[in-house]
Amino acid sequence: MIRTRVGYAGGGSTNPTYHNLDSHSETIQIDYDPTRITYEELLAVFWDSHSPTAQPWSRQYMSIIFYHNEEQRAIAVESKEFQEDKLGHSIVTEIIPFSQFYLAEDYHQKYYLTSEPNLVKELRGIYPDIHDFIASTAVARLNGYAGGYGTIETLEDDLDSFGLSEAGKIRLLEIAERGLVAGCPVS
Amino acid sequence: MWSLKNLTMLAVLGVLAIGTVFGLSLTGCNMEDNQVDPTNNDTRVSEATIPAIDATVPIETETATFALG
């Protein structure tokens, strides 16, 4: 996972906000290294991260796969069919072409990390511009660890690459000691 | 007795002396401003370098976009 950001997509209006979503849905956008993780593997995390069988009560909480090219569309369709067979239930997830992504407000980004203000302070020292902060791989990974996701092995491998102080590294290890769950964070 | 020439010279010297003192005080202020307190965490953070993991991200990436309720 290279970068993650949360925002809004799928609606008809321009520049939606959290309090004025119109027909947009809450969305996560991920930049990934295809030599390290496949689209199929990301879809597996997508299916495992929510319940796609129940119709949501508003478009804000829709289940949607926004495909960026024909290859993604074909993989998504096949993956949805596989999930329906596996669950024995129809899935409401829409598969639609990606058109526009609107970045959510700053306070929605890297949600888990907001519970670690000292780590945020260090990282904002490195990235004073909020857009650089959001686009940082280090910040995305640390957000995952702050949320309790990952493995101790990957954390130990990456620990010196996040640009943290010794105090920051110690805090990160303390978080890991509470227990990590292998998987991907969603914000 | 002080001549006009002496008084003028004294005035010029006085202005130079005041200017020198004023200039040194300004220089001193600037030097203090440039000093770095190594115990100041904020200063250390602002001088932090880009994390290694960010410096080595692959150029070729793909994007996936999902809404998951």
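In what order do the elements of chain A run from the N terminus on? They run β-β-α-β-α-β-β-α-α-α-α-α. That gives 7 helices and 5 strands in chain A. Helices (H or I, at least four residues) and strands (E, at least two) are DSSP runs, numbered from the N terminus.

This is a predicted model: local features need pLDDT of at least 70, side-chain atom pairs count only at pLDDT 80 or more, and totals for chains, interfaces and linings use all residues. Residues are numbered from 1 along each chain as its sequence is written, while chains are lettered from A and ligands numbered from 1 in the order in which they are written.

Start with the overall form of chain A. Its radius of gyration, taken over C-alpha atoms, is 18 Å. The globule rule (2.2 Å times the number of residues to the power 0.38) gives 16 Å for 187 residues, so chain A is as compact as a globular protein of that length. Along the principal axes, its C-alpha atoms fill a box of roughly 50 × 35 × 30 Å. Of the 187 residues, 34% count as buried. A residue is buried if 20 or more other C-beta atoms lie within 10 Å of its own, exposed if 12 or fewer, and partly exposed in between, with C-beta atoms placed from the backbone. Two residues are in contact if their C-beta atoms, again placed from the backbone, lie within 7 Å. Among contacts in chain A with a separation of 6 or more, 70% join residues 24 or more positions apart.

Now take helix 1 (39-48) of chain A. Its buried residues are Tyr39(A), Leu42(A), Leu43(A), Phe46(A) and Trp47(A). Seen down the axis, they fall within an arc of 140 degrees, so they line one face of the helix. The arc is that of the directions from the helix axis to the C-beta atoms. An α-helix has 3.6 residues a turn, so residues three or four places apart point the same way. On the other side of helix 1, Glu41(A) and Asp48(A) are exposed. The buried residues of helix 1 pack against strand 2 (25-32) and helix 2 of chain A, together with strand 1 of chain B.

Helix 2 (residues 70-87) of chain A has 18 residues. From first C-alpha to last it reaches 26 Å, close to the 26 Å expected at 1.5 Å times one less than its number of residues. Gln72(A), Ala76(A) and Ser79(A) are buried in helix 2. They cover an arc of only 70 degrees around the axis, which puts them on the same side. The face turned away carries exposed residues, including Glu70(A), Glu78(A) and Asp85(A). The buried residues of helix 2 pack against helix 1, strand 3 and strand 4 (94-97) of chain A. Just after helix 2, Gly88(A) takes a positive phi of about 65 degrees.

What of the second chain? 20 residues of chain B are in contact with 41 residues of chain A. Strand 1 of chain B gives the largest share of its side, 7 residues. Strand 3 (residues 63-67) of chain A and strand 1 of chain B run antiparallel, joined by 4 bridges. Two strands pair if DSSP finds at least two bridges between them. Within this pairing, Ile64(A) stands opposite Ala67(B).
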